[in-house]
Amino acid sequence: MSFNRTPDGRALMGGVPLAEIIAVSGTPAYVYDVDGIARATADLVHAFKNAPRVVAYAVKANTAGTIVRAVSGAGGGADVVSGGELQVALGSGMPPERIVMSGVAKQNWEIDLGISSSIRAIQIESVEEIGRVAARARALSQCAKISIRLNPSVQIDSHAHIATGHDEAKFGVLRSDLPAALAAIAVANSGAEPTLSLVGISTHVGSMLTTPGPYLESARVVTSVARELRAKGTRLDFVDFGGGFAIDYGDGRVDPPSAFAEAALDLLEREGLSDLTLIVEPGRALVAPFGVLLAKVLQTKQSGERRWLMIDAGMNDLIRPALYAARHRIEPIEREPGESVWQVVGPVCESADDFGLHAIGDEPPSAVAIRDAGAYGFTMASEYNGRALPAEVFVSGGRIQKIAPTLGSEAWVAARLRA
Ligand code: PLP
């Protein structure tokens with residue numbers, strides 16, 4: 001277990017007491033168990049046994065080089081959604097054949113980087129994008145490997161902001177638009193040299209899938225299109241069923257990533273597609289449980305029946321509660337949580353800067369850990385309210401491996417004065 005406690009109740013991350021970490025990193029600070037992330041990646045890679053597969057970690061969940069290198073070292077690849085993320089993946093040693101690039105509106109330089117670095121495929125998200133990628137391939141005198149990301153028209157039971165595979169979403173190509181996409185590819189290839197090679201069919205239906213049901217529903221759209229294309233002679237290299245494997249934020253059981261892997265392999269077997277490489281794109285499941293956000297308690301406030309615990313981490317550091325109504329467990333770091341509850345809030349001047357009601361105990365602690373914050377935490381952090389980005393601490397082998405310090409508020413003030 002990544003986050004656990006000593007018998008006398010002191011909280012640890014990757015075996016290191018959080019109180020010791022705070023003393024060197026200050027707060028707010030994200031702390032990551034790098035070995036836990038490597039283990040989770042290796043477990044998923046091995047869950048596919050000997051099947052051809054790529055575990056393409058959705059780098060958007062956490063872009064820290066130490067983490068992307070750990071995923072790469074454990075056999076993982078990357079799903080990137082920008083040129084910046086692609087540069088981090090390549091710079092972290094990820095082999096290009098383990099990288100796919102999604103994104104609904106890619107810039108020309110990002111498409112160019114995808115083509116010239118020979119990644120596994122650029123995932124096409126609209127019919128309109130096909131001509132753009134073909135034009136860049138022509139300009140580079142190369143043939144671009146592409147896959148079509150299908151919008152499977154599947155509704156999932158998740159927060160609206162993390163559902164991506166329904167037909168009002170901006171993502172992917174609707175099945176009804178597939179003939180137009182294939183026609184656009186044919187036009188792009190009608191010159192002397194082919195500019196596009198259709199190598200894959202993909203999807204990503206959304207996040208926080210607690211069971212493989214909706215995953216399989218969207219995967220079946222992919223396999224049926226893959227079979228159709230093969231029957232017409234297209235030489236596919238892979239199918240990509242996307243990510244979205246949920247984690248347990250403390251409010252319920254979820255199926256582990258290996259259950260999704262088994263269900264996906266089963267489906268490929270039944271559809272006669274086992275020879276294709278299977279790509280999966282988990283983000284949160286590989287990193288969220290292996291990160292906490294540390295915060296000091298600044299003060300309390302009591303007003304009538306209400307009482308607040310005011311901490312020095314806010315929605316600018318972790319926006320998930322404000323953006324997705326997400327709930328993260330919050331616990332004291334120097335003792336077990338007690339029964340009495342506090343409304344935990346940050347210092348940001350917004351009503352949404354509220355982490356919810358938490359059982360903390362009668363006495364206010366000096367510091368707390370916000371759990372399961374390894375995904376979509378630092379990567380979504382901002383400097384809103386003139387607050388510097390938090391520090392990041394990487395733990396490995398039972399000790400602090402590295403600290404990426406906050407740039408601090410002086411650097412923020414200087415940058416704003418220069419603007
Ligand atoms: N793939 C794509 C295209 C995504 O947009 C996302 C997340 O938004 C993911 C994979 C990863 O999702 P999750 O972190 O829920 O596994």
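This report is a short tour of a predicted model, moving from its domains and core to some of its strands and helices.

## Two domains and a shared core

A good place to start is the overall layout. The domain assignment divides the chain into domain 1 (3–32 + 288–418) and domain 2 (103–203 + 205–280). Measured out between C-alpha centres, the separation of domain 1 and domain 2 comes to 36 Å. The two are also in touch, with nine residues of domain 1 in contact with seven residues of domain 2.

The largest nonpolar core contains 121 residues, and the ones with the most contacts inside it are Leu18, Val31, Ile37, Val133, Leu294 and Ile370. Because domain 1 and domain 2 both contribute residues to this core, it lies between them. As background, nonpolar side chains in soluble globular proteins tend to be buried together.

Val31 is worth a closer look. Apart from its neighbours within four places in sequence, valine 31 is in contact with Met13, Leu18, Ile21, Gly291, Val292, Leu294, Val393 and Val395.

## Strands and how they pair

Close to the start of the numbering, three strands make up an open, antiparallel sheet in the order β1-β2-β3. Its edge strands are β1 (3–5) and β3 (16–17), each of which pairs on one side only. Strands β1 and β2 (residues 11–13) are joined by three bridges, and phenylalanine 3 has methionine 13 in β2 as its bridge partner.

Next comes strand β20 (residues 391–396). Six of its six residues are buried, so β20 is largely enclosed by the rest of the structure. Ala391, Val393 and Val395 are buried on one side of β20, while Glu392, Phe394 and Ser396 are buried on the other, which leaves both faces covered. That two-sided arrangement can be read alongside a general pattern: in a regular strand the side chains alternate between the two faces of the sheet.

Strand β20 pairs with β4 (residues 29–33) in the parallel sense and with β21 (residues 399–404) in the antiparallel sense. The hairpin of β20 and β21 has two residues between the strands, and glycine 397 there takes a positive phi near 60°.

A second hairpin is built from β14 and β15; here too there are two residues between the strands, and glycine 304 has a positive phi near 60°. Strand β15 is also joined to β17 (residues 341–345), this time in parallel, with methionine 310 opposite valine 345 in β17.

The table gathers these pairings with their bridge counts and one pair of partner residues for each.

| Strands | Sense | Bridges | Partner residues |
|---|---|---|---|
| β4 and β20 | parallel | five | aspartate 33 and valine 395 |
| β20 and β21 | antiparallel | five | valine 393 and isoleucine 403 |
| β14 and β15 | antiparallel | six | lysine 301 and tryptophan 308 |
| β15 and β17 | parallel | three | methionine 310 and valine 345 |

## Helices with a buried side

Helix α9 (residues 257–270) has 14 residues, which at 1.5 Å a residue should span 20 Å; its end C-alpha atoms are 20 Å apart, so the two values agree. Which residues of α9 are buried? They are Pro257, Phe260, Ala261, Ala264, Leu267 and Leu268. These residues cover an arc of only 130° around the axis, which puts them on the same side of α9. The face turned away from that buried side carries the exposed residues Glu269 and Arg270. The buried residues of α9 pack against α2 (34–47), α8 (213–231), β13 (277–280) and α10 (284–287). After the helix comes glycine 272, with a positive phi near 70°.

Alanine 219 gives a view from α8, the helix in which it lies. Alanine 219 counts as buried because it has 27 C-beta neighbours inside 10 Å. Beyond its neighbours within four places in sequence, alanine 219 is in contact with Phe241, Ala264 and Leu267. Alanine 219 and proline 152 are 67 residues apart along the chain, and their C-alpha atoms are separated by 8.3 Å.

Helix α7 (residues 178–188) has its own buried residues: Ala181, Ala184, Ile185 and Ala188. Seen down the axis, they fall within an arc of 100°, so they line one face of α7. Pro179, Ala183 and Ala186 are exposed on the other side. The cover over the buried residues of α7 includes α6 (127–139), β9 (144–151), β10 (173–174) and β11 (196–202).

Definitions and conventions: Residues numbered from 1 in each chain as written. Predicted model: local features only at pLDDT ≥ 70, side-chain atom pairs only at ≥ 80, totals over all residues. Pairing = 2+ DSSP bridges. Helix = DSSP H or I, 4+ residues; strand = E, 2+ residues; numbered from the N terminus. Core = buried A, V, L, I, M, F, W, Y, C linked by C-beta atoms within 7 Å. Buried ≥ 20, exposed ≤ 12 C-beta atoms within 10 Å, placed from the backbone. Domains from an automatic or database assignment. Expected span 1.5 Å × (residues − 1). Arc of directions from axis to C-beta.
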